[in-house]
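Here are some exercises to work through with the structure on your screen. Take them one at a time, and try each task before you read its solution.

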Amino acid sequence: MSSRNKIKMTKPVNGFSKLNKTEKIEWLAENYLTDNKEAVSILEQYWNEDEKLQKLHDEFIENTVSNFYLPLGLAPNFLINGKYHVLPMAIEESSVVAAASKAGKFWSERGGFKATVINQTKIGQVHFLFKGDISKLEKLFKDLEPKLREAVKPITKNMEKRGGGILDISLKNKTKELDHYYQLFVKFDTRDSMGANFINSCLEKFAEVLQKEASTAEFFSTEEKDLQIIMSILSNYVPECIVRAEVSCPVDQLSEDKNMSGEQFAEKFVQAVRIAEIEPYRAVTHNKGVMNGIDAVVLATGNDFRAVEAGIHAYASKDGKYSSLTHASVENGIFKFWMEIPLALGTVGGLTSLHPLVKLALDILQRPSASELMEITAVAGLAQNFAALRSLTTTGIQQGHMKMHLMNILNQNAATEKEKEEMVEYFTHHTITHSSVIEQLEKMRS
Ligand code: MEV
């Protein structure tokens, strides 16, 4: 058993956040790790030599002890709405960037991707309980909107200058689903920012005003005056912030394999999409493939991939059953493949002007607006799904996947550069599995 696997008596700690970085690491090594020296050296190995840059990273979150690297890859040749793009992708999965690049090139030779933002409205809610006469609450609400708008003016002023702001405020009665439960349901236009802080600040102010107005409303009873705010928060479900991405070409241009015609390929491909449309077990994996492309671009551009994931998967269930995000058809000899998804992204605010690699990723994308980034990101998802389905319905996924994974297996087994070279050459003609790689490596070494 390696010293790393030995179990230590673990214990709780008070005031951890007050310790400095070195003290935190010492405490961790002392109490949770057996090989203190190794632990410290691994954490320190990932510190940036540039102290200013390291401090910037330290201050992104609390209790930072090191940096956690992900590879940043480039997928070139993405022709989107007539313009070429190189996609920056931050992802650990071996085959994703290779698959995206292949799909990008394939479609660039067939007219490219078309993408359109359909709408860009974001939602926030003040959730509250009101025990009383609904008509009185409605009466209060009638005079409330101008007061709400006035109260958030200091917050909305700049957003309004940029053409955004609050689009609509409505009162929603949810008492049929939960006793006494109502919402202020607010629609926002946050322009090029993702807008989470803007939305949440507005909502918290709204909550304050609502509570104050209720507590002083002369026509409210004592119980009605006791309106209770539960919480104020944006929704990551954004079904009115939708982008569409699509590709199409004559079916006879689809096949690159002499054993399969374009018609046969299209038929199998459309069938694979239909399966994901009706079968949730398959739909989840199918959509996971879409998210391989989306998350990688979302991460590289400093956006919130958890918000994007939550919103997209909720959208995939909008008809009451989890289903495919993408759709495909063949009509009059034309193959069409498309997707409409919700994507709340920002190209200003948040990490976009802070993290040097995020800034660079946005430079690589030619400083897109939020709507252009929505288009590019949706295309990355569609391309990734195309690549996965093309492999799945032709060669199978493992051929390409294991080709890319070969290097991971070699690194896990401490292969030298020379061994790697020889192994890559050997496996261009042999099937890659974990055991075949180990077997061949051992043979070579003996
Ligand atoms: C693997 O990361 C993604 C796939 O499983 C997607 C799919 O099955 O469509 C290959």
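A definition to start with: Ala, Val, Leu, Ile, Met, Phe, Trp, Tyr, Cys and Pro count as nonpolar, Asp, Glu, Lys and Arg as charged, and the others, Gly among them, as polar. Please keep in mind that the model is predicted.

**Exercise 1. The second largest pocket**

Task: How many nonpolar, polar and charged residues does the lining of the second largest pocket have? Then find which elements and domains contribute to the lining.

Solution:
1. Begin with the space itself: the second largest pocket has a volume of about 1,200 Å³.
2. Its lining is made of 43 residues, and Ser391, Ile397, Gln399, Gly400 and His401 are the closest to the centre.
3. Now look for the elements that give two or more residues to this lining: they are α4 (96–108), α10, α13 (370–393) and α14 (398–412). The largest share, 8 residues, comes from α14.
4. Sorted by class, the lining holds 16 nonpolar, 19 polar and 8 charged residues.
5. For the domains, the lining draws at least three residues from each of domain 2 (72–118 + 242–395) and domain 4 (401–445).

**Exercise 2. The largest pocket**

Task: Which residues lie nearest the centre of the largest pocket? Describe the lining as well.

Solution:
1. The volume of the largest pocket is about 1,400 Å³.
2. Among the 41 residues of its lining, Phe60, Gly302, Leu351, His355 and Val358 lie nearest the centre.
3. Two or more lining residues come from each of α3 (51–58), α7 (196–216), α10 (280–300), α11 (305–316) and α12 (356–364).
4. The class count for the largest pocket is 22 nonpolar, 16 polar and 3 charged residues.

**Exercise 3. Enclosed spaces**

Task: How many cavities of 30 Å³ or more are there? List what lines them.

Solution:
1. The count comes to 2 cavities of 30 Å³ or more.
2. The largest cavity holds about 60 Å³ of space. Around it you will find Met194, Asn236, Val238, Asp304, Ala307, Val308, Gly311, Ile312, Pro342, Leu343 and Ala344.
3. With 4 residues, α11 gives the most to the lining of the largest cavity. By class, that lining divides into 8 nonpolar, 2 polar and 1 charged.
4. The second largest cavity has a volume of about 30 Å³, and its lining consists of Lys122, Met194, Leu234, Ser235, Asn236, Val238 and Ala344. Here the classes are 4 nonpolar, 2 polar and 1 charged.

**Exercise 4. The sheet**

Task: In what order do the strands of the 4-stranded open sheet run? Find the edge strands, and the helix that packs on the sheet.

Solution:
1. The order is β3-β8-β10-β9, and the pairing is antiparallel.
2. The edge strands, β3 (114–117) and β9 (326–331), each pair on one side only.
3. From one strand to the next, the twist averages 20 degrees.
4. Follow β9 to its partner β10 (residues 334–342): the two are joined antiparallel over 6 bridges. Serine 329 stands opposite lysine 336 in β10.
5. Helix α9 (residues 262–278) packs on the sheet and touches β9 and β10. The direction of α9 makes about 140 degrees with that of β9.

**Exercise 5. The domains**

Task: Where are the domain bounds of the chain?

Solution:
1. The domain assignment gives domain 1 (1–68), domain 2 (72–118 + 242–395), domain 3 (122–235) and domain 4 (401–445).
2. Between the C-alpha centres of domain 1 and domain 3 the distance is 43 Å.

Conventions:
Residues numbered from 1 in each chain as written. Predicted model: local features only at pLDDT ≥ 70, side-chain atom pairs only at ≥ 80, totals over all residues. Heavy atoms only, no water. Pairing = 2+ DSSP bridges. Axes fitted to C-alpha atoms, helices over the stretch in contact; angles between N-to-C directions. Contact = heavy atoms within 4.5 Å. Domains from an automatic or database assignment. 1 Å grid on protein atoms, 1.4 Å probe; cavity = no way out; pocket = protein on both sides within 12 Å on 5 of 7 lines; lining within 4 Å. Points joined across faces, edges and corners; volume = space filled by probe spheres on them.
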